[in-house]
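This report describes the architecture of one protein chain, passing from a local turn to the strands around it and then to selected helices.

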Amino acid sequence: MAITSANQLELLQTAEAVAREKMIDPVLVIEAMEESLARAAKSRYGAEMDIRVSIDRKTGRATFTRVRTVVEDELLENYQAEFTVEQAKQYMEAPEVGQQLIEEVPPVEMGRIAAQSAKQVILQKVREAERDRQFEEFKDRAGTIINALVKREEYGNVIVDVGAGEAILRRNEKIGRESYRPNDRIRCYIKDVRREQRGPQIFLSRTAPEFMAELFKMEVPEIYDGIIEIKAVARDPGSRAKIAVISYDGSIDPVGACVGMRGSRVQAVVNELQGEKIDIIPWNEDQPTFLVNALQPAEVSKVVLDEEAGKIEVVVPEEQLSLAIGRRGQNVRLASQLTGLDIDIMTEADESARRQAEFESRTKLFMDNLDLDEFFAQLLVSEGFTNLEEVAYVEVDELLVIDGVDEDTAAELQARARDVLEAAAKAALESARALGAEDSLIDFDGLTPQMIEALAKDDVKTLEDFATCADWELAGGWTTVDGERHKDDGVLEPFEVSLEEAQHLVMTARIMLGWVDPTELEADEEEQEDADLTEETEA
């Protein structure tokens with residue numbers, strides 16, 4: 001095909017037609033044509049040449065030009081597209097490096113292969129433009145619900161028409177064993193919108209907790225208006241869900257508003273979610289209270305919260321145990337997701353047995369180490385003493401409140417406790433030295449002999465070794481893998497060293513070794529405080 005006056009206007013008409021059909025800018029189509037013509041010209045004049053094509057936006061005339069760039073002598077690589085200053089003098093008066101010589105060349109005739117190649121270039125550019133348009137249209141709609149039309153199913157994934165392109169509902173984002181036929185209308189949550197080289201850019205979900213939250217926002221005007229807020233959602237898609245809500249208007253019951261007249265509002269959400277049973281729970285800032293609500297319909301007798309470990313113990317009557325746990329652990333699992341806490345459920349009998357075991361263990365500790373009879377040891381435990389350190393270093397007045405304890409007895413108790421602790425510390429230090437612990441670690445302030453022994457057993461024997469430790473390696477922590485929390489044991493965890501204390505100890509060691517500049521550390525802390533303050537102000 002030759003670019004002649006007869007078909008020059010056809011280029012513009014074709015560009016307009018393609019642009020209208022694909023709903024993209026005609027300029028993008030013309031640029032694609034320019035690139036395809038340039039590629040065809042290179043196949044005619046030589047691939048090494050820098051051939052460019054410009055199509056007049058009014059007349060459709062295609063101008064073919066050859067571009068040569070002036071480069072330094074030692075950088076000359078492509079003789080067809082570059083030349084030196086000396087070579088350029090025959091074409092230009094005062095050539096300088098970087099200048100370009102642009103010469104018009106005769107148009108080329110496109111053979112069958114060149115025309116096919118040009119068509120591929122144009123199609124590729126059009127596809128890229130479509131993807132860009134689709135991304136720009138949907139990038140701000142992530143996190144919203146969309147109505148879509150099913151087109152086809154591929155390997156369990158559902159491809160849907162969203163009006164301006166296609167989106168994908170992956171098999172693991174469908175509820176249960178949902179199946180769809182072409183032209184079925186479905187409602188989905190736009191989970192993510194991404195730029196990708198191939199395939200859909202819009203990823204949908206029907207299992208995301210946010211999908212349920214958005215459905216309630218559509219059904220409950222108070223949520224849409226901000227009077228009621230959804231604080232947390234936990235789902236077992238297609239089976240059961242829990243949603244926590246709070247009202248900022250004392251006259252409006254958040255649970256009742258979400259349920260609706262005769263359950264109409266919640267039933268609309270249930271129908272959309274294939275009959276998923278929904279527990280609507282009042283949210284509470286007090287975590288134990290919130291957890292009691294979250295474990296409904298089970299009744300809870302007692303809650304013990306360990307904030308540092310993010311763990312909570314729940315005591316329920318024997319007959320409520322199966323209800324609290326739920327079928328295959330569903331109720332407690334959803335309550336755990338809702339609160340963000342690890343939940344241990346035990347019966348009243350189990351808790352009583354555990355408390356009795358702890359009482360007996362502490363009684364034996366005091367009997368063996370302080371040479372006390374059982375009755376006196378039990379008195380200490382009953383008054384809340386749990387270890388020898390508490391007895392040794394507590395204010396004397398706290399021992400005098402125990403029946404039968406006078407000042408002499410209290411002094412004797414404390415002396416015995418201190419002797420035992422000092423002997424244990426001495427033995428731990430000797431053991432640590434035998435394991436190879438060096439003075440740099442032993443003399444480090446903040447570590448007890450028992451801690452040093454535990455570190456030496458874990459092959460941490462110098463201050464340098466200690467400074468390379470991560471805070472969680474010392475204090476322990478929790479790792480979430482596939483939605484399940486796993487415990488990471490810390491070397492100093494038995495000594496109740498918190499994560500913050502571990503961070504402080506490690507950072508102090510690094511400063512002592514000169515690895516960290518304390519002034520830079522202070523500057524970083526000030527920047528972080530300023531950033532936190534800015535976030536709070538914006539919120």
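In this predicted model, the hairpin formed by strand 5 and strand 6 has 2 residues between its strands, and Tyr155 there adopts a positive phi near 55°. Strand 5 covers residues 145-154, while strand 6 covers residues 157-161.

## The barrel

The hairpin strands belong to a closed barrel of 5 strands, in the order 5-6-7-9-8 and with mixed pairing. From one strand to the next, the twist averages 55°. Three of the pairings are set out below.

| Strand pair | Bridges | Direction | Example of facing residues |
|---|---|---|---|
| Strand 5 and strand 6 | 5 bridges | antiparallel | Val150 and Val160 |
| Strand 5 and strand 8 | 5 bridges | antiparallel | Leu149 and Arg185 |
| Strand 6 and strand 7 | 4 bridges | antiparallel | Val160 and Ala167 |

Strand 5 is thus joined to strand 6 and also to strand 8, which spans residues 185-193. Val160 of strand 6 is the bridge partner of Val150 and also stands opposite Ala167 in strand 7. Strand 7 comprises residues 166-169. In a regular strand, side chains alternate between the two faces of the sheet.

A helix packs against this set of strands. Helix 5 lies across strand 5, strand 8 and strand 9 (202-205), and runs at about 120° to strand 8.

## Helix 8

Helix 5 (209-219) also takes part in covering the buried residues of helix 8. Which residues of helix 8 are buried? Within this helix, formed by residues 264-272, they are Val266, Val269 and Val270. These residues cover an arc of only 100° around the axis, and therefore sit on the same side of helix 8. Besides helix 5, their cover includes helix 7 (254-259) and strand 12 (277-282). After helix 8 comes Gln274, which has a positive phi near 60°.

## Helix 21

Helix 21 consists of 14 residues, 499-512. At 1.5 Å a residue, helix 21 should span 20 Å, and its end C-alpha atoms are indeed 20 Å apart, so the two values agree.

The buried residues of helix 21 are Ala502, Leu505, Val506 and Ala509. Viewed down the axis, these buried residues fall within an arc of 95°, which means that they line one face of helix 21. Glu500 and His504 lie on the other side of helix 21, where they are exposed. Helix 19 (463-467) and helix 20 (471-475) are among the elements that cover the buried residues of helix 21. Gly514 follows helix 21 and has a positive phi, near 80°.

## The protein as a whole

The elements described above belong to a protein with 22 helices and 17 strands. Its chain has 539 residues, of which 39% count as buried. Among contacts with a separation of 6 or more, 53% are made by residues 24 or more positions apart. The accessible surface of the protein comes to about 31,200 Å², and carbon and sulfur atoms account for 47% of that surface.

Note on methods:
Residues numbered from 1 in each chain as written. Predicted model: local features only at pLDDT ≥ 70, side-chain atom pairs only at ≥ 80, totals over all residues. Heavy atoms only, no water. Buried < 20%, exposed > 50% of the residue type's maximum accessible area, 1.4 Å probe, protein only. Arc of directions from axis to C-beta. Contact = heavy atoms within 4.5 Å. Pairing = 2+ DSSP bridges. Expected span 1.5 Å × (residues − 1). Areas by Shrake-Rupley, 256 points an atom, 1.4 Å probe, with all protein chains shown as cover. Axes fitted to C-alpha atoms, helices over the stretch in contact; angles between N-to-C directions.
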